[in-house]
Amino acid sequence: MRTYHCLSLFIWTYMYHTTDALPFQEKGNSDLPSGRIVGLTQDDGKMLHRTKRGWMWNQFFLLEEYTGTDTQYVGKLHTDQDKGDGNLKYILTGDGAGSLFVIDENTGDIHAAKKLDREEKSLYVLRAKAIDRKTGRQVEPESEFIIKIHDINDNEPKFTKDLYTASVPEMSGVGTSVIQVTATDADDANYGNSAKVVYSILQGQPYFSVDPESGIIKTALPDMSRENREQYQVVIQAKDMGGQMGGLSGTTTVNITLTDVNNNPPRFPQSTYQFHSPESVPLGTPLGRIKANDPDMGENAEVEYSIAEGDGADMFDVITDKDTQEGIITVKQSLDFENKMLYTLKVDASNTHPDPRFLHLGPFKDTAVVKISVEDIDEPPVFSKIFYLIEVDEDVKEGSIIGQVTAYDPDAMNNLIKYSVDRHTDMDRIFSIHSENGSIFTLKPLDRESTPWHNITVTATEINNSKQSSHIPVFIRILDINDHAPELAMYYETFVCENAKPGQLLNQLIQTVSVMDKDDPPRGHKFFFEPVPEFPLNPNFTIVDNKDNTAGIMTRKDGYSRNKMSTYLLPILIFDNDYPIQSSTGTLTIRVCACDNQGNMQSCNAEALVLSAGLSTGALIAILLCVIILLVLVVLFAALKRQRKKEPLIISKDDVRDNIVTYNDEGGGEEDTQAFDIGTLRNPEAREDSKLRRDVMPETIFQIRRTVPLWENIDVQDFIHRRLKENDSDPSAPPYDSLATYAYEGNDSIADSLSSLESLTADCNQDYDYLSDWGPRFKKLADMYGGDDSDRD
């Protein structure tokens with residue numbers, strides 16, 4: 001209770017002396033006494049005033065939901081300054097002033113103008129003033145007070161949810177908590193029992209119960225089974241006033257589900273199952289399905305099947321279908337009606353996730369008997385092996401037996417069988433088979449080098465039923481016999497330098513001589529090289545065995561001459577070491593060539609050059625015939641010359657040829673003007689093209705064809721000596737034929753030195769069309785003498 005030192009407003013009461021001693025709670029809304037004002041005199045003569053109150057007040061009480069016809073009286077405000085003459089006016093301000101609470105400004109009486117609800121607002125703070133009507137001034141300081149609304153039970157309890165959902169495992173013990181429900185009351189919990197809630201169960205007995213104070217729902221019966229009943233609906237009531245008569249109440253619904261536990265073992269609906277299977281069924285084929293029922297759900301109902309025992313435990317298998325929880329009986333091994341016609345199995349079905357709490361109820365598995373009958377069918381013949389491998393020497397004689405296949409009829413009738421070779425696998429008919437006993441023999445000779453393997457197919461067919469047949473592959477391996485002699489791996493051609501030394505390895509294009517052998521000995525090839533017995537000691541070359549199936553050739557003498565012998569043929573005896581020993585003779589061609597000091601080949605003889613040009617045998621024969629024809633023509637030409645008996649045109653010491661023959665002086669340099677101008681000799685183009693022979697009237701005019709001047713690289717001395725020799729042999733030709741008018745191409749021409757001279761004394765024209773077939777070396781002559789007929793691609 002607060003003390004107001006400056007407050008001079010009091011609630012007026014008719015019982016001043018008694019109200020001062022009453023407790024505040026008992027006075028209710030009665031008038032409050034006003035305080036007294038006592039005057040004191042101090043030493044300075046001033047008067048001091050002190051307000052004295054009999055008791056202190058700070059709040060009023062008012063009931064909510066007032067339903068009376070008149071306004072509800074709250075209390076009265078009064079100050080001792082009020083003389084009752086109407087000079088004072090009371091004013092009320094604060095929460096609800098003027099709307100909810102009104103005051104009589106003359107008397108200070110306060111009334112509630114409307115019905116109040118504590119749940120909306122439980123207290124109001126107001127302020128009171130006493131004002132002098134004449135001056136408009138406050139005669140007392142402003143006073144604050146509280147009006148508190150007392151609660152009545154006007155709200156029923158309400159649950160947080162209209163519908164609850166819960167679950168509890170089946171077979172739970174009594175008192176197992178399921179769920180807690182909660183209800184709230186909007187009334188004042190601190191005033192009376194309006195907000196005191198008590199829970200009770202209206203529906204759901206005798207299975208569940210509820211705690212009256214906490215609202216926790218629990219199981220009330222033991223061993224409730226989900227398989228018997230899974231869903232329960234429970235109605236819970238919440239009532240205020242402590243559950244007494246006249247209290248308000250609310251309800252909610254709780255749906256409770258029993259969850260599954262593995263408390264049931266699987267059970268077969270029947271004790272025996274019967275299945276049938278043909279004996280020829282493939283492995284892994286399903287024969288039938290069995291199923292053990294389990295009333296549980298989910299993983300608690302998962303079943304695993306296994307074969308416990310029986311005479312067919314090794315012949316059959318059982319697998320579990322995870323989707324349907326069925327056991328599938330399958331074939332594990334091949335069935336044979338002739339061996340066994342009936343099998344009996346014991347199959348167990350057990351839970352994969354047993355619950356230890358319920359193991360005391362018994363084993364969680366069941367057993368059923370499965371009988372399987374094997375049906376007989378007509379089966380094809382069966383071979384004793386899945387394939388046959390036969391090895392035979394390649395020199396085996398025709399008609400020899402090389403192996404045998406066997407087959408039998410697996411049926412009880414044991415029908416006879418005939419054998420045959422599938423000709424699609426033996427198109428050449430190399431092999432055949434005896435139809436009764438399956439013996440395989442050859443029809444043709446064998447050759448390992450051409451076909452080392454033969455893969456044929458043999459068919460076995462029942463004689464009484466040709467539709468029943470079987471096939472088997474037969475692999476025939478041809479074993480090698482040493483029936484081929486070793487040979488040189490290729491045609492070898494090498495060369496030796498003219499300046500070779502004894503014991504020197506040939507400067508051959510191939511470094512070694514290798515050998516090939518079509519045979520394939522198991523221990524590998526081993527070849528030996530020796531001279532042929534007819535020439536055990538070759539004076540020119542030596543054969544060296546390198547001991548690695550190759551041989552080298554060594555020189556035996558000091559130097560070779562192309563003029564004496566341009567080509568050597570060296571026979572080599574080659575033999576192997578297998579049984580029987582096979583041998584052959586190979587020939588190595590060795591050509592003699594000119595080499596530099598380092599042994600590099602520079603040039604070989606004419607034969608080598610002709611062969612290197614790639615001329616065929618026909619071309620060489622044509623060349624030989626042409627040479628013979630030319631020789632005949634030369635002989636005829638010489639005979640005609642003798643008949644004409646011509647004299648030389650120039651017989652004197654002034655013969656120009658004397659200058660040519662005797663000229664061997666290099667001259668005196670640039671000052672020597674008397675020397676012969678050798679430039680004319682080196683440059684045949686210095687003469688005029690139109691200049692003709694002056695001593696003989698030509699029958700036809702022969703036009704000299706120019707060639708590219710290559711005289712810069714010509715050896716002049718060699719050129720003069722060769723031309724001098726030609727002119728000396730023909731005394732009827734003038735000297736300038738060889739010195740000035742001869743069109744010489746030089747040493748660097750690909751056609752070498754060619755002459756454009758043609759003797760005008762020939763009796764007839766010669767056909768030179770064959771020059772076009774001699775290759776690029778004779779292309780120039782073909783262009784000059786071939787004429788129109790020889791001008792071809």
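These exercises, each with a worked solution, concern a predicted model.

**Exercise 1. Describe the overall make-up of the protein: its secondary structure, burial, contacts and surface.**

Step 1. Count the secondary structure elements. The protein has nine helices and 45 strands.

Step 2. Take the buried fraction. Of the 793 residues, 37% count as buried.

Step 3. Look at contact range. Among contacts between residues at least 6 apart in sequence, 67% join residues at least 24 apart.

Step 4. Turn to the surface. The accessible surface comes to about 47000 Å², and carbon and sulfur atoms account for 52% of that area.

**Exercise 2. Identify the strands that supply the largest nonpolar core, and the residues that touch the most other members.**

Step 1. Start with the members. The largest nonpolar core has 24 residues, and those touching the most other members are Phe 268, Ile 290, Tyr 305, Phe 316, Leu 335, Val 370 and Ile 372.

Step 2. Assign the core to strands. At least two residues each come from E21 (272-278), E22 (286-290), E23 (303-310), E24 (316-321), E25 (326-331), E26 (342-351) and E27 (365-375).

Step 3. Set this core against the other one. A core of 23 residues lies apart from it, including Ala 407, Ile 417, Ile 456 and Ile 476.

Step 4. Examine one member in detail. Leaving out residues up to four places away in sequence, Ile 290 touches Phe 268, Tyr 273, Phe 275, Tyr 305, Glu 326, Gly 327, Val 347 and Val 370.

**Exercise 3. Decide whether Ser 277 is buried or exposed, and list what it touches.**

Step 1. Locate the residue. Ser 277 belongs to strand E21.

Step 2. Apply the cut-off. Buried means under 20% relative accessible area. Ser 277 has a relative accessible area of 0%, so it is buried.

Step 3. List the contacts. Not counting residues up to four places away in sequence, Ser 277 touches Leu 287, Val 331, Leu 335, Ile 372, Ser 373, Val 374 and Glu 375.

**Exercise 4. Show how the salt bridges Arg 226–Asp 260 and Glu 326–Arg 289 relate to the chain, then treat the pair Asp 355–Arg 357.**

Step 1. Begin with the total. The count comes to 16 salt bridges.

Step 2. Take the pair Arg 226 and Asp 260. Their side chains meet with an N to O distance of 3.0 Å. Arg 226 sits in the loop between strand E18 (216-219) and strand E19 (231-239), and Asp 260 in the loop between strand E20 (249-259) and E21, so the pair ties together parts 34 residues apart in sequence. Both Arg 226 and Asp 260 are buried.

Step 3. Take the pair Glu 326 and Arg 289. The closest N and O atoms of this salt bridge are 2.8 Å apart. Glu 326 is in strand E25 and Arg 289 in strand E22, so that distant parts of the chain, 37 residues apart, are linked. Arg 289 is partly exposed, at 42% relative accessible area. Glu 326 also appears among the contacts of Ile 290.

Step 4. Take the pair Asp 355 and Arg 357. These side chains form a salt bridge at 2.9 Å, N to O. Asp 355 counts as buried at 14% relative accessibility, whereas Arg 357 is exposed at 52%.

Step 5. Add the network. Salt bridges link Arg 127, Lys 129 and Glu 142.

**Exercise 5. Locate the backbone features at Pro 206, Arg 429 and Lys 547.**

Step 1. Check the peptide bond. From Gln 205 to Pro 206 the bond is cis, with omega near 5 degrees. Pro 206 is in the loop between strand E16 (198-203) and strand E17 (208-210).

Step 2. Check phi at Arg 429. The value is near 50 degrees, positive in a residue other than glycine. Arg 429 occupies the loop between strand E32 (417-421) and strand E33 (431-433), and counts as partly exposed at 49% relative accessibility.

Step 3. Check phi at Lys 547. Here phi is about 65 degrees, again positive although the residue is not a glycine. Lys 547 lies in the loop between strand E41 (541-545) and strand E42 (550-555), and counts as exposed at 61% relative accessibility.

**Exercise 6. Name the residues of the nonpolar surface patch, and place Ile 621.**

Step 1. List the patch. Ile 621, Leu 624, Leu 625, Ile 628, Ile 629, Leu 630, Val 632, Leu 633 and Leu 636 make a nonpolar surface patch of about 780 Å².

Step 2. Place Ile 621. This residue is in helix H4 (residues 617-644).

Step 3. Classify Ile 621. Its relative accessible area is 47%, so Ile 621 is partly exposed.

Notes. Residues are numbered from 1 along each chain as its sequence is written. This is a predicted model: local features need pLDDT of at least 70, side-chain atom pairs count only at pLDDT 80 or more; totals for chains, interfaces and linings use all residues. Side-chain values use heavy atoms; hydrogens and water are left out. A nonpolar core is a set of buried Ala, Val, Leu, Ile, Met, Phe, Trp, Tyr and Cys residues joined through side-chain atoms within 4.5 Å. Buried means under 20% relative accessible area, exposed over 50%, partly exposed in between (1.4 Å probe, protein chains only). Helices (H or I, at least four residues) and strands (E, at least two) are DSSP runs, numbered from the N terminus. Contact means heavy atoms within 4.5 Å. Patches are made of residues with over 30% relative accessible area and no salt bridge: like charges are joined within 9 Å, nonpolar side chains (Val, Leu, Ile, Met, Phe, Trp, Tyr) within 5 Å. Accessible areas come from the Shrake-Rupley method with a 1.4 Å probe; for residues, only the protein chains shown count as cover. A salt bridge is a side-chain nitrogen of Lys or Arg within 4 Å of a carboxyl oxygen of Asp or Glu.
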